[in-house]
Amino acid sequence: MKIWSVTNQKGGVGKTTSAVSLAGAQALLGQRTLLIDLDPQGSLSTYFGINPEKTTESIYEVFTGEQINRKSLTQLIRPTDVDNLFIIPASLRMATLDRKISSIDGKGLVVSHCLEYLTLQFDHIYLDCPPTLGVLMINALAACDHIIVPVQTEFLAVNGLRRMQSTINMIEQSRGFKVDYTIVPTLFDQRTRASMHSLDTLEQDFNDFLSQEIIPVDTTFRDASLAGLPISHYGKRSRGAIAYQNLCIELEKFESVNQKVESI
Ligand SMILES: Nc1ncnc2c1ncn2[C@@H]1O[C@H](COP(=O)(O)OP(=O)(O)OP(=O)(O)O)[C@@H](O)[C@H]1O
Ligand SMILES: [Mg+2]
């Protein structure tokens with residue numbers, strides 16, 4: 001099982017779109033794939049027709065519920081309309097978590113511990129993060145094998161990336177080893193100066209961490225989200241679907257991390 005965290009402290013850069021699209025590409029390859037919505041806004045849940053304001057069974061339970069075990073965790077998993085693709089939704093109540101559990105020991109490893117129960121059930125797990133550094137993002141970064149950092153190709157993109165890099169450094173210090181990450185340029189439009197300029201800057205400053213694949217602007221993403229389907233299952237031949245399919249294959253080379261962490 002590989003656990004991927006889709007993370008950037010900047011909002012609206014394509015995190016949720018990347019999580020859905022990569023998970024869809026994996027599902028299409030026959031891989032059993034789970035999406036977990038760690039964003040209190042619940043965009044990922046909404047994408048699949050689940051209302052985060054109403055849902056009573058969400059990933060919130062693992063932070064506050066009674067002792068979590070394999071059975072109670074499995075009850076949170078819902079199927080989607082796509083074969084091999086499952087979701088644990090978010091709940092709006094997650095917005096209060098930072099206040100509620102900030103003083104609890106081991107609060108950063110809640111997700112990591114509970115995902116151990118799912119090792120045999122899934123090939124891939126994608127964690128969709130909120131755009132804020134808090135207990136949910138820390139849990140995702142502490143649990144994952146690899147961090148995917150979508151970056152919108154626009155003028156100020158690089159500034160946000162430096163913040164993200166220092167967060168990753170902090171996590172590496174807590175975990176005691178390097179955590180691989182890949183920066184993925186998104187919403188790329190080669191006709192605009194902003195896109196071309198920011199891609200140049202990314203290549204200059206972050207080349208070692210940059211994906212080969214660049215995700216283009218594609219209106220099919222909007223249509224796919226309205227249909228509640230990953231782009232891989234809505235417009236398989238669209239430019240966006242092909243880009244995420246290629247990215248999915250490109251990221252295959254990263255192995256899962258076997259080291260266990262005692263505390264964060
Ligand atoms: N490659 C793309 N082409 C066209 N539209 C896109 C693309 N990627 C994302 N979008 C659109 O941009 C908007 C923001 O994307 P998304 O929700 O994935 O960002 P996010 O980083 O998850 O945002 P947030 O920080 O609010 O969680 C959405 O409306 C989405 O459909
Ligand atoms: Mg999002």
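**A walk from a loop to the ligand and the cores**

Let's start at Leu-187, which counts as partly exposed, with a relative accessibility of 36%. Please keep in mind throughout that this is a predicted model. Leu-187 sits in the loop between β7 and α9, and its backbone deserves a glance: phi is positive, at about 50°, although the residue is not a glycine.

Stay in this loop, which runs between β7 (180-186) and α9 (193-206), and you will also find Asp-189. Is Asp-189 buried or exposed? With a relative accessible area of 16%, Asp-189 is buried, because the cut-off for that class is under 20%. Leaving aside residues up to four places away in sequence, Asp-189 touches Ser-195 and Val-217.

Another positive phi is waiting elsewhere in the chain. Asn-84, a residue other than glycine, has a phi near 70°. Asn-84 lies in the loop between β3 (78-79) and β4 (85-88). With a relative accessible area of 25%, Asn-84 is partly exposed, since that value falls between the 20% limit for buried and the 50% limit for exposed.

Next, look at a pair of charged residues, Glu-172 and Lys-178. Glu-172 belongs to helix α8 (residues 157-175), while Lys-178 is placed in the loop between α8 and β7. Their surroundings contrast nicely: Glu-172 counts as buried at 9% relative accessibility, whereas Lys-178 counts as exposed at 66%. Even so, a polar contact of 3.3 Å joins their side chains. Beyond its neighbours up to four places away in sequence, Glu-172 touches Phe-177 and Val-179 as well as Lys-178. If you would like a sense of scale, measure along from Lys-178 to Leu-202: these residues are 24 apart along the chain, and their C-alpha atoms are separated by 21 Å.

Now for the ligand. Ligand 1 has 16 residues around it, and those that come nearest are Val-13, Lys-15, Thr-16, Thr-17 and Pro-216. Which helix gives the most to this shell? Helix α1 (residues 15-28) does, with three residues. Sorted by class, the shell holds seven nonpolar, six polar and three charged residues.

Zooming in on individual atoms, a polar side-chain atom of Lys-15 lies 2.7 Å from an oxygen atom of ligand 1. Gly-12 takes part through its backbone, with an N or O atom 3.0 Å from a ligand oxygen. Pro-216 also uses its backbone: one of its polar atoms there is 2.9 Å from a nitrogen atom of ligand 1. Taken alone, ligand 1 exposes 630 Å², and the protein buries 75% of that area.

Finally, turn to the interior. In soluble globular proteins, nonpolar side chains tend to be buried together. Here, the largest nonpolar core has 55 residues, and Leu-115 and Leu-127 have the most contacts inside it. Helix α7 (residues 135-143) gives the most to this core, with eight residues. Leu-127 makes a good viewpoint: leaving out residues up to four places away in sequence, its contacts include Ile-3, Val-6, Ile-36, Leu-38, Val-111, Leu-115, Ala-140 and Ala-143. Trp-4 and Ser-5 are also among the residues that Leu-127 touches. There is a second, separate core as well, made of 30 residues, and Trp-4 is one of its members, along with Val-20, Ile-50 and Val-82. Trp-4 is thus a handy landmark to select on your screen: a member of the second core that is touched by Leu-127.

Technical notes: Residues numbered from 1 in each chain as written. Chains lettered and ligands numbered in written order. Predicted model: local features only at pLDDT ≥ 70, side-chain atom pairs only at ≥ 80, totals over all residues. Heavy atoms only, no water. Near = heavy atom within 4 Å. Polar contact = N/O pair within 3.5 Å; in protein donor to acceptor, adjacent residues only side chain to side chain. Areas by Shrake-Rupley, 256 points an atom, 1.4 Å probe, with all protein chains shown as cover. Helix = DSSP H or I, 4+ residues; strand = E, 2+ residues; numbered from the N terminus. Core = buried A, V, L, I, M, F, W, Y, C linked by side-chain atoms within 4.5 Å. Buried < 20%, exposed > 50% of the residue type's maximum accessible area, 1.4 Å probe, protein only. Contact = heavy atoms within 4.5 Å.
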